Amino acid sequence: MTDDRFRALPAVETLASQAGADGVPRALVIEAAREILAREREAMGADPARAAAGDLGARVLALARMLSEPAQGRVINATGVVLHTNLGRAPLSEPARRAVAQAARGYLALEYDVEEGKRSHRALGVEAWLRRLTGAEAALAVNNGAAALLLTISALAQGKKALVSRGELIEIGGSFRLPEILRKAGATLVEVGTTNRTRLDDYQRALTPEVAMLLRVHPSNYRVIGFSERPSRGELAALAHGAGIPLVEDVGSGALFDTREVGLEHEPTVLESLTEGADLVTFSGDKLLGGPQAGLVVGRREWIDALKRDPLARALRIDKLTIAALEATLAAYVDPERALSEIPTLAMLGAPAHALQAQAERLRDALASIDGLVVTVVPQASEVGGGALPGASLPTVAVALRAQDRSASALERLLRLGRPPIITRIQDDRVLLDARTLLDEDPAEIARIVGEVFQRD
Ligand SMILES: *Cc1c(COP(=O)(O)O)cnc(C)c1O
């Protein structure tokens with residue numbers, strides 16, 4: 001009897017033909033047909049009363065369409081979290097987007113000296129910008145912040161020891177834990193001080209001839225407050241230099257500007273770290289800097305040269321599209337005003353209250369005509385994200401949605417399944433769309449998507 005039910009299922013080829021192709025490559029329709037049949041068989045196996053469903057063709061076509069679109073396609077970020085790691089962190093500036101398109105289309109002088117007509121070094125333009133903007137002797141760009149730190153430790157402390165305060169043994173996320181990175185890079189971690197208090201003489205006492213570097217890490221995603229202390233960079237630098245070894249600082253989010261200018265609290269800048277005596281500073285390209293994913297290292301030439309000679313440098317090297325985007329992003333910093341308006345991350349973080357209010361009202365007005373939806377503009381607080389400025393909250397403006405005939409979580413899901421998906425958050429039984437992270441074209445598009453969703457059922 002069971003067999004009869006299964007025999008009623010069409011063959012893969014038959015189902016694929018029933019589904020029709022509708023411009024979707026046939027190979028994907030076949031893959032979708034296999035997948036839908038497997039799911040249906042499983043559902044029938046689990047439920048002896050279930051007969052073969054009648055809508056298999058439509059399901060195959062829907063899945064095939066989905067497979068033919070990029071799985072990591074565009075979403076509308078209505079969370080208000082500017083540096084959302086799961087949504088790709090920093091959106092790129094217009095010049096950076098143009099530079100990527102150009103670099104992608106043809107060839108570029110990636111490792112080529114045009115004047116001399118011979119091979120040269122990768123990412124010279126990025127390094128020149130980093131030197132210009134920070135005053136550092138030398139610079140290096142690699143794949144991401146974690147890679148920058150791994151390479152630095154490998155090049156400077158392999159087979160030796162590195163001193164780190166117990167208050168700075170961070171985990172950035174998942175597999176990025178400082179003690180493990182040190183081990184992978186072949187260095188021995190020497191923990192000094194305690195979780196809340198580490199003094200200069202803690203470092204001093206641990207400073208043996210096997211120690212190759214002092215490592216200071218910005219606790220970027222948590223905060224030690226209250227009864228706490230750690231030595232200044234100046235003190236650490238003097239101690240390191242007295243022993244002939246470098247002070248390295250991982251500042252994490254890599255602000256090239258004073259975050260107070262956009263109304264945030266102070267976040268250590270790359271320049272401060274260098275000025276106060278760090279020999280190498282490592283940071284990310286796609287956090288507060290507002291560029292593509294990259295790891296940057298600036299500082300003293302002798303140490304940067306050591307990084308470039310390390311075999312890991314090749315494995316961690318930066319891609320040409322990233323170089324193009326990074327160079328165009330850094331170029332905006334030549335004029336701080338221009339950086340604040342041109343780089344989306346900075347513009348969003350620094351968005352004035354009246355602009356957020358206006359954006360929220362545009363969205364409210366665009367949604368006003370949709371039946372069954374109650375739309376209000378509400379003051380809110382959003383976070384920075386990307387492990388930057390923990391605990392800091394930014395006053396923002398959001399549009400709150402309440403549907404007459406469904407729950408907030410059902411509404412959130414509907415928006416998330418829109419094309420493109422709209423990512424929101426729920427608070428007090430309402431779906432919130434934060435104005436801060438919306439692009440100019442988003443209100444109209446959100447209204448179209450929500451309108452379609454509400455018409456559909
Ligand atoms: C974010 C962060 C990293 C890792 O940088 P990625 O670019 O995400 O690889 C390392 N150290 C600190 C302190 C950070 O905040």
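These entries record what I looked up on the domains, the pockets, the ligand shell and two backbone features of a predicted model.

**Entry 1, ground rules.** I worked with a predicted model, in which local features need pLDDT of at least 70 and side-chain atom pairs count only at pLDDT 80 or more, while totals for chains, interfaces and linings use all residues. I number residues from 1 along each chain as its sequence is written, and my side-chain values use heavy atoms, with hydrogens and water left out.

**Entry 2, domains.** I looked up the domain assignment (bounds from an automatic or database assignment) and noted domain 1 (2-68), domain 2 (76-86 + 349-456) and domain 3 (92-342). Between the C-alpha centres of domain 1 and domain 3 I noted 51 Å.

**Entry 3, largest pocket.** For pockets I used a 1 Å grid over the protein atoms alone, a pocket being an open set of points where a 1.4 Å probe fits, with protein on both sides within 12 Å along at least five of seven lines, and lining residues having an atom within 4 Å of a point. Grid points are joined across faces, edges and corners, and a volume is the space filled by probe spheres set on the points. The largest pocket holds about 1,200 Å³ of space, and of its 41 lining residues the closest to the centre are Ala 90, Pro 91, Leu 92, Met 348 and Leu 439. With helices (H or I, at least four residues) and strands (E, at least two) taken as DSSP runs numbered from the N terminus, I found two or more lining residues from each of strand 1 (76-77), helix 15 (336-342), helix 16 (344-349) and helix 17 (353-367). I put this pocket between domain 2 (76-86 + 349-456) and domain 3 (92-342), because both give residues to its lining.

**Entry 4, second largest pocket.** Here I noted about 660 Å³ of space and a lining of 17 residues, with Met 66, Glu 69, Leu 417, Gly 418 and Arg 419 nearest the centre. Helix 4 (residues 56-68) gives the largest share of that lining, five residues, and domain 1 (2-68) and domain 2 (76-86 + 349-456) each supply at least three.

**Entry 5, ligand.** I counted a residue as near the ligand if one of its heavy atoms lies within 4 Å of it; 13 residues surround the ligand, and the closest are Gly 145, Ser 220, Asp 250, Ser 284 and Lys 287. Among polar contacts (pairs of N or O atoms within 3.5 Å), I noted a ligand nitrogen 2.5 Å from a side-chain N or O atom of Asp 250, and a ligand oxygen 2.7 Å from such an atom of Ser 284. A polar side-chain atom of Lys 287 is 2.8 Å from an oxygen atom of the ligand. On its own the ligand has 380 Å² of accessible area (Shrake-Rupley method, 1.4 Å probe), of which the protein covers 93%. Helix 7 (145-157) and strand 10 (247-252) are the elements that give two or more residues to the shell.

**Entry 6, backbone.** I found a cis peptide bond between Arg 419 and Pro 420, with omega about -5°; Pro 420 sits in the loop between helix 18 (408-416) and strand 15 (422-423). I also noted Asp 428, a residue other than glycine with a positive phi, near 50°, in the loop between strand 16 (425-427) and strand 17 (430-434).

Definitions and conventions: A polar contact is a pair of N or O atoms within 3.5 Å; within protein, one must be able to donate a hydrogen and the other to accept it, and residues adjacent in sequence count only if both atoms are side-chain atoms.
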